[in-house]
Every structure is written in C-alpha cells, then in structure tokens.
Amino acid sequence: MTEDRPQQTGLKLFLNSLRRRYLIALLFFVGGAPIFIIVVLMKIESVLGGGLDEWEVPYQYTIESDRGYELAIYSNDSKGKNYELGILFIHGTPGSADNFKHQFHESWPHTVLVSYNRPGFWNSKSRVPVGSLKKQADAAFEVMEEFNVEKWILVGHSYGGPISLQMMTQRQEKILGNIQIGGALDPELEKIYWIQRIGNSILFNWMIPNSLNSSNKELIQLKKDLEKLRFSFKELKSPIVMLHGSDDRLVPVSNCKYIEKELQKISLNHLLHFDIKEGVDHFIPWSHPKFVKHSIDFLIGLSELELEQ
C-alpha cells in the first residue's frame, strides 16, 4: 500500500527554488568570486611588473644569497667602479625593478642608479618566506654591498617606503637620505581584507602567481611590522623627503601626518621635508618622474650644504 504524499503548493515550489538559487549564489561567492578577484589581481600584477623584458637597462646581475633567495639587480653603470653616490630604488607591492625605469633616464655625476626585484617578486626567486620589513631590508643591504659606493640615497615607493625606513634604523653610516614616495607608514591605516585571508589559505594559495603571493603575505604582516618599526625611529639620523600625492587613494596622505607626529615625540621632526603634490595619485614614479628627480636633487643639495658648513 502506497502512502499519499501532499503535493507541494506553488509557494513551496517557489521557496525551494529560491533556496537552490541562494545556495548557487553562495557557492559562487565563496568559490567563484575569489577566483574572479585573483584574475583581476593577475592583470594588475602584469601592469606593475610586466615590462622587465622590454626594459633596456645597461647592466643586469643576478646574485645568489645565502639567505635562500636570488636577487635580480639592474643598474645604469658597472658595479666594478667606485662611486661617490648610489641611488637605490625599492619597489612596492606588487611591483618590479622597472617601476623606476623613468628615473633611469636621469643622471648625476659620479653616481650609480640601482633597482632590483625584491625577494619573492618576478625573477628574484625565493625558497624561504621573506614577507617582513626586516628580511626585505636585509636583502636591500645585500644589493648595496655589490657596489663600491660611499653614500646612498634610498628611494622607496609604497611598501618600499617602510623598507627604506627600516634600513635607516638598522645602518645609518652609509645612508645620505631617504625619499618616501607614497610611503605606507601608519599601522592604523593598514587593513587586512577577507579576500587576503582567502588568498593566503591552502585552498587558493597555489592558484596565485608568486609575486602576488609574496605581496599578499607581506601586506598581511605589514601592520605588525610597522608597529615594531615605530620603536626604532630614535635611530634615525638622515633627512627624509615625504613625497606624496594629495589624491593618493591607495596610501592616504595622512601617512605623512603620522610620521611627523611620531618624530615630534622624540624631537626628530627636523629630519622631515614634506613635498605634498596637489591632485596627484599614488603612481608618482610613472606619472610624475620629475618629482622624484627634484627630491633627489634636494637631498644632494642638502648634503653639499652641510659639507660647506
């Protein structure tokens, strides 16, 4: 004997259909949306670091570090010479050495220009995690040691800004000055988004290109690193140019207020020189390369003035 089952009403059929659609939408949000965002980020990565093959730079070197990574280095002159000044360009995240290719069109007497791919980015392959300011600073010092230079100017863009500041707190003796181009310095402004957590998970981590993977890991770590860095500001001795666009949406110009406030507390705010560009965004090395040149000229002029006194 079969049991009669009540037929579903039109309302129940509609609700069941709605549940199924909701489940499909949820699955897309959890699975498809991150994949879509990853594809978008891959496109961004290709824009920020996709010109290395076309960059006609005179000298290219690759060195093997005993710390477990390679470093791809680019310079406008041979590392076999002696130089009065070196200018080290440190890219952001994601990014690559050729982000400063416009700066390589400039020249200064007895000066070598050096840019490099940070460990974990593009052809600077890494076998170990390097997602911290300290480890990235150590790698930058290895680049500097390849050249016979008396004094260095450190130019850091975006995430490269706090790397260069970290370097200044560790070893001041060979650093003439620092240029922060849209530097991300304020730990309170660093947010970790849900998509970053997903991208860092085992499920999606393998799908992400190495450069984006490195970028995500160091951004997740950045807030803690900046909080630690604050306690080392007392070690700063060289001038710092804060070159920042007023319309920077990625790294707000309020980062300049943060560093000013922190250095005022320890009576070191005289080291800061502000150059806020009205109506300018985050991508100064590309959109306004002359601004970078003027900042370098300013630091060189300061140094010459000190020598005369």
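**Notes on a predicted model: helices, sheet and two buried side chains**

1. Let me start with helix 2 (residues 133-144). At 1.5 Å a residue, its 12 residues should span 16 Å, and the end C-alpha atoms are indeed 16 Å apart, so expectation and model agree. Please keep in mind throughout that this is a predicted model.

2. Staying with helix 2, how many of its 12 residues are buried? The count is 10, so the helix is largely enclosed by the rest of the structure. The buried set includes Leu133, Ala137, Phe141, Val143 and Met144. Charged residues are also on that list, namely Asp138 and Glu142.

3. Now for the overall picture. The secondary structure of the chain consists of 9 helices and 8 strands. Of its 309 residues, 50% count as buried. Among contacts with a separation of 6 or more, 76% join residues that are 24 or more positions apart. The accessible surface of the chain is about 16,300 Å², and carbon and sulfur atoms contribute 57% of that area.

4. The sheet deserves a careful look. It is open and has 8 strands, which follow the order 1-2-4-3-5-6-7-8 with mixed pairing. Which strands sit at the edges? They are strand 1 (59-64) and strand 8 (272-277), each of which pairs on one side only. From one strand to the next, the twist averages 20°.

5. Within that order, strand 3 and strand 4 are neighbours. Strand 3 covers residues 82-90 and strand 4 covers residues 111-117; the two pair in the parallel sense over 5 bridges. If you would like a place to look in the viewer, Leu85 stands opposite Thr111 in strand 4.

6. The loop between strand 3 and strand 4 holds Gln103. Is this residue buried or exposed? Its relative accessibility is 3%, below the 20% cut-off, so Gln103 counts as buried. Apart from neighbours within four places in sequence, Gln103 is in contact with Phe89, Leu113, Pro285, Pro289 and Val292.

7. Two helices packed on the sheet are worth comparing by eye. Helix 3 (residues 160-170) lies across strand 3, strand 5 (148-157), strand 6 (175-181) and strand 7 (240-245), and runs at about 155° to strand 6. Helix 7 (residues 254-265) lies across strand 7 and strand 8, running at about 165° to strand 8.

8. Helix 3 is mostly covered, with 10 of its 11 residues buried. Among them are Gly160, Gly161 and Pro162 at the start of the numbering, and Met167, Met168 and Thr169 further along. Ile163, Ser164, Leu165 and Gln166 are buried as well.

9. In helix 7 you will find Glu262. With a relative accessibility of 8%, against a cut-off of 20%, Glu262 counts as buried. Which residues does Glu262 touch, once neighbours within four places in sequence are set aside? Its contacts are Arg230 and Phe233.

10. Finally, a word on confidence. The chain averages a pLDDT of 85, and 77% of the residues score at least 70. Over residues 1-6, pLDDT stays under 50, and the model has 0 contacts for them beyond four places in sequence. Residues 26-31 also stay under 50, and there the model has 7 contacts beyond four places in sequence.

Methods
Residues are numbered from 1 along each chain as its sequence is written. This is a predicted model: local features need pLDDT of at least 70, side-chain atom pairs count only at pLDDT 80 or more; totals for chains, interfaces and linings use all residues. Side-chain values use heavy atoms; hydrogens and water are left out. Two strands pair if DSSP finds at least two bridges between them. Helices (H or I, at least four residues) and strands (E, at least two) are DSSP runs, numbered from the N terminus. Axes are lines fitted to C-alpha atoms, for helices over the stretch in contact, and angles run from 0 to 180 degrees between N-to-C directions. Contact means heavy atoms within 4.5 Å. Buried means under 20% relative accessible area, exposed over 50%, partly exposed in between (1.4 Å probe, protein chains only). pLDDT is the predictor's confidence in each residue, from 0 to 100. Accessible areas come from the Shrake-Rupley method with a 1.4 Å probe; for residues, only the protein chains shown count as cover. The expected span of a helix is 1.5 Å times one less than its number of residues.
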